[in-house]
Amino acid sequence: MLPWKRVLRPLAALFLTAAVAVVPAATASADSAPSSGWNDYSCKPSAAHPRPVVLVHGTLGNSVDNWLGLAPYLTSRGYCVYSLDYGQLSGVPFFHGLGPIDKSAEQLSAFVDKVLAATGAAEADLVGHSQGGMMPRYYLRFLGGAGKVNALVGIAPDNHGATLSGFTKLLPYFPGAEDLIKATTPGLADQLPGSAFLAKLNAGGDTVPGVHYTVIATKYDEVVTPWHSQYLSGSDVRNVLLQDLCPVDLSEHVAIGLLDRIAFHEVANALDPVHASATTCASVFS
């Protein structure tokens, strides 16, 4: 029989491979984000859109690739849009969101301060995909973010953990597997249902006062399962199922954040509810 360490390393690799399979290939970093589109620090919010929008990528994503669809969608509508890289591991380029999530939230805190200082705005709006829709809740609850953020929009956020269609339930059958994941990719370990991080995050309720929450989920999600675990409970929460807006929308975990204009339309509604319009299948043309 092979030693356990030789068995566990391929298991960890399989866990990472499963995650990589459901995110777009990373090819760029924040430094190369289009300055004429988003991450333009000369942009000044307008009266119509007075708050800058900070985009928070998902696990194994980065500040560019995750937002090649949504960032231009929002900038073309007059928003000042910014995105950050967080959760980097030494020696792992492009694939971010793998570091301890509490430390990633500290990076988000510093980035929001930078954006507010550059734009002169009092508050920002946050839009995150997957881990990027969940991690900001730590910033809001524990790092003073609630006073600097108007709204958090989560696109397929793993608010109560990610099971990868049940794959993570197999980990107890491999002694030492969770310890190996914690040691090598703590950001993944923090997202396992029942983790100490998630217990702390969700203790005492899902939300904090003063922040408007929107969750946009798809029933075809293969990463954050069951899909309704993405939903938040509390006041000032709007939980939305994509297929209630357009029954024929087949987007899964990646597509909903990367290219789904129906989801994008609902993001825009959440950012500007006063001027919201009904989101339907026709919103793909908006």
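Which residues does Glu266 touch, not counting residues up to four places away in sequence? Keep that one in mind. I'll answer it when we reach the pocket.

Start with the basics. This is a predicted model. The protein chain averages a pLDDT of 88. Of its residues, 84% score at least 70. One stretch falls short: over residues 1-29, pLDDT stays under 50. The model still has 53 contacts for that stretch beyond four places in sequence. Be careful there. Where pLDDT is low, the predicted coordinates should not be read in detail.

Now the overall picture. The protein chain has eleven helices and six strands. There are 286 residues, and 54% of them count as buried. Look at the contacts with a separation of 6 or more. Residues 24 or more positions apart account for 76% of those.

Next, the inside. The largest nonpolar core holds 31 residues. Which ones touch the most other members? They are Val54, Leu108, Leu126, Tyr139 and Leu140. Several elements give two or more residues to this core. The strands are S1 (53-56), S2 (81-84), S3 (124-129), S4 (149-155) and S5 (212-217). The helices are H3 (101-119), H5 (136-142) and H8 (196-202). Which element gives the largest share? That is H3, with seven residues. There is also a second, separate core of 28 residues, including Leu55, Tyr73, Ala268 and Ala270.

Let's zoom in on two members of the largest core. Take Leu126. Leave out residues up to four places away in sequence, and Leu126 touches Val54, Leu108, Val112, Pro136, Tyr139, Val149, Ala151, Leu152 and Val153. Two of the names there, Val54 and Leu108, we have just met as well-connected core members.

Now Leu140, in helix H5. Buried or exposed? At 3% relative accessibility, Leu140 counts as buried, because the cut-off for buried is under 20%. Beyond four places in sequence, Leu140 is in contact with Gly145, Ala146, Val149, Leu152, Val208, Val211 and Tyr213. Pick out Val208. Leu140 and Val208 are 68 residues apart along the chain, yet their C-alpha atoms are separated by 7.2 Å.

Back to H3. How far should its 19 residues span? At 1.5 Å a residue, the expected span is 27 Å, and the end C-alpha atoms are 27 Å apart, so the two agree. Many positions in H3 face inward by the burial count. Its buried residues are Ile101, Ser104, Ala105, Leu108, Ser109, Phe111, Val112, Val115, Leu116, Ala118 and Thr119. Here is a rule to hold beside that list. An α-helix has 3.6 residues a turn, so residues three or four places apart point the same way. After H3 comes Gly120, with a positive phi near 80 degrees.

Now some backbone details in the loops. Asn39 sits between helix H1 (4-20) and S1. Asn39 is not glycine, but its phi is positive, near 60 degrees. Asn39 is also buried, at a relative accessible area of 12%. Leu60 is in the loop between S1 and helix H2 (70-75). Its phi is positive too, near 70 degrees. Leu60 counts as buried at 3% relative accessibility. Then Pro226, in the loop between S5 and S6. A cis peptide bond joins Thr225 and Pro226, with omega about -5 degrees.

One more loop residue. Leu192 lies between helix H7 (186-190) and H8. Leu192 is buried, with a relative accessible area of 7%. Leu192 and Thr163 are 29 residues apart in sequence, but 6.8 Å apart in space, C-alpha to C-alpha.

Finally, the pocket. The largest pocket has about 330 Å³ of space. How many residues line it? The number is 23, and Asn269, Ala270, Leu271, Asp272 and Pro273 lie nearest its centre. S4, S5, strand S6 (237-241) and helix H11 (261-271) give two or more residues each to the lining.

H11 brings us back to the opening question, as Glu266 lies in that helix. At 5% relative accessibility, Glu266 counts as buried. And its partners? Beyond four places in sequence, Glu266 touches Ile216, Arg238, Val240, Leu245 and Thr279. That's the tour.

Conventions
Residues numbered from 1 in each chain as written. Predicted model: local features only at pLDDT ≥ 70, side-chain atom pairs only at ≥ 80, totals over all residues. Heavy atoms only, no water. pLDDT = per-residue confidence, 0-100. Contact = heavy atoms within 4.5 Å. Core = buried A, V, L, I, M, F, W, Y, C linked by side-chain atoms within 4.5 Å. Buried < 20%, exposed > 50% of the residue type's maximum accessible area, 1.4 Å probe, protein only. Helix = DSSP H or I, 4+ residues; strand = E, 2+ residues; numbered from the N terminus. Expected span 1.5 Å × (residues − 1). 1 Å grid on protein atoms, 1.4 Å probe; cavity = no way out; pocket = protein on both sides within 12 Å on 5 of 7 lines; lining within 4 Å. Points joined across faces, edges and corners; volume = space filled by probe spheres on them.
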